Amino acid sequence: MRKSLLLSTILASIGVFVLVGGALLLVDPGAPKHEAIKTGGLAGGAIIALYALWLNDRRRKVEEARQEIESQRIDHDRSRVADERFARAVELLGHETAQVRVGAMHALAGLAKSRTEYTQTVLDILCAYLRQPYRKTKNDPEEIELEVRLTSQRLIEDLLPRLEEKNPPIYDLNLTKAHLEYMDLSYRQVGDLIMRVAHLNESNAFHHMVVHGDVYLTDAEVTGRLYMHHNDFRRKAWFSRVKARGLAVFTETKFGGETKFADSEWTDVKADGCAFALEADLPDAWRN
């Protein structure tokens with residue numbers, strides 16, 4: 001087809017050359033013949049030039065289409081490899097060896113950083129691991145399991161956007177019934193922060209946070225220190241039926257939505273400078 005088109009272009013160029021040159025000689029027989037030939041040659045050459053431009057544009061479009069197909073193939077291969085890595089890492093989370101489980105968590109976190117479409121799913125999986133039944137005792141092999149759980153907590157923290165980031169992706173955390181110890185989400189942003197029926201031991205830091213969604217720390221047991229100061233809770237913040245036996249610090253926290261403390265118990269609370277957008281029924285410990 002290309003040869004046929006080239007031949008047609010050459011014939012058309014010759015035809016234009018003859019037509020233009022001949023027309024000039026007929027119109028002005030006294031004009032120099034070389035000028036007529038020159039003008040006809042330019043006209044014929046323009047036909048060749050237009051064909052060359054069209055051919056280059058066609059080649060460019062073909063090359064762009066080829067590159068697009070190649071890019072799609074590469075993306076497909078990457079997605080397939082990522083899916084395989086994800087499936088393998090999830091499988092290894094049930095391995096009996098702690099080091100293997102830790103490695104699987106790091107693999108998931110690495111995948112979430114390289115492909116953000118996995119981030120929420122990986123966070124859900126890490127949170128689900130913390131929701132598994134757990135009971136810490138002294139001089140017990142469970143101390144090894146504690147290290148695995150601390151790894152999960154650190155990776156969750158690392159995947160969340162920092163406080164100073166503008167318009168970051170927002171991820172939810174579901175830590176219902178989770179056993180948390182030394183968790184630190186300070187200076188982070190989250191969507192929903194759900195910790196229903198959670199067990200917070202030793203010390204846990206949730207301060208200097210922006211919580212764009214709802215906070216549910218309901219029916220939770222807090223046996224250690226709880227730091228929730230200088231937070232910005234932008235929607236619901238429910239602390240119903242909490243039993244806090246240690247120090248709880250909420251200093252300078254903003255409660256931007258409906259706030260509940262119904263039937264909650266607080267041994268030692270610091271809540272100076274808290275601001276409530278809506279009226280809240282505060283326990284006596286919060287009023288002192």
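**Note on paired strands and aromatic contacts**

1. Lys254 stands opposite Ala275 in strand 17. The two residues belong to a pairing in which strand 14 (residues 254-255) and strand 17 run in the parallel sense over 2 bridges. Strands here are DSSP runs of E with at least two residues, and helices are runs of H or I with at least four, numbered from the N terminus; two strands are taken to pair if DSSP finds at least two bridges between them.

2. This is a predicted model, in which local features need pLDDT of at least 70 and side-chain atom pairs count only at pLDDT 80 or more, while totals for chains, interfaces and linings use all residues. Residues are numbered from 1 along each chain as its sequence is written, and side-chain values use heavy atoms, with hydrogens and water left out.

3. The pairing of strands 14 and 17 falls within an open sheet of 5 strands, arranged in the order 3-7-11-14-17 with parallel pairing. At its edges lie strand 3 (189-190) and strand 17 (275-276), each of which pairs on one side only.

4. An open sheet of 5 strands, with parallel pairing, is also found in the order 1-4-8-12-15. Its edge strands are strand 1 (173-174) and strand 15 (259-260), each pairing on one side only. Strand 12 runs parallel to strand 15 and is joined to it by 2 bridges, and Trp238 has Lys260 in strand 15 as its bridge partner.

5. Trp238 and Lys260 are also related through their side chains, since the charged end of Lys260 sits over the ring of Trp238, 4.1 Å from its centre. The criterion is that NZ of Lys or CZ of Arg lies within 6 Å of the ring centre and within 35 degrees of the ring normal. Arg196 gives another case, its charged end sitting over the ring of Tyr216 at 4.2 Å from the centre.

6. The count of aromatic pairs comes to 11, where rings of Phe, Tyr and Trp (its six-membered ring) pair if their centres lie within 6.5 Å, and planes under 30 degrees apart are called stacked, over 60 edge-to-face and the rest tilted. Among them is the edge-to-face pair of Phe239 and Phe250, with 5.5 Å centre to centre and 90 degrees between the planes. This pair links distant parts of the chain, 11 residues apart: Phe239 is in the loop between strand 12 (237-238) and strand 13 (243-249), and Phe250 is in the loop between strand 13 and strand 14. Both Phe239 and Phe250 are buried, a term that stands for under 20% relative accessible area, with exposed for over 50% and partly exposed for values in between (1.4 Å probe, protein chains only).

7. Phe261 and Trp266 form an edge-to-face pair as well, with 6.3 Å centre to centre and 65 degrees between the planes. Phe261 is buried, at a relative accessible area of 3%, and Trp266 is buried at 9%. Ring pairs link both residues with Phe233, Phe239, Phe250, Phe255 and Phe276 into a cluster.

8. A last point concerns His230, located in the loop between strand 10 (225-227) and strand 11 (232-233). His230 is partly exposed, with a relative accessible area of 37%. Its C-alpha atom is separated by 9.2 Å from that of Val210, and the two residues are 20 residues apart along the chain.
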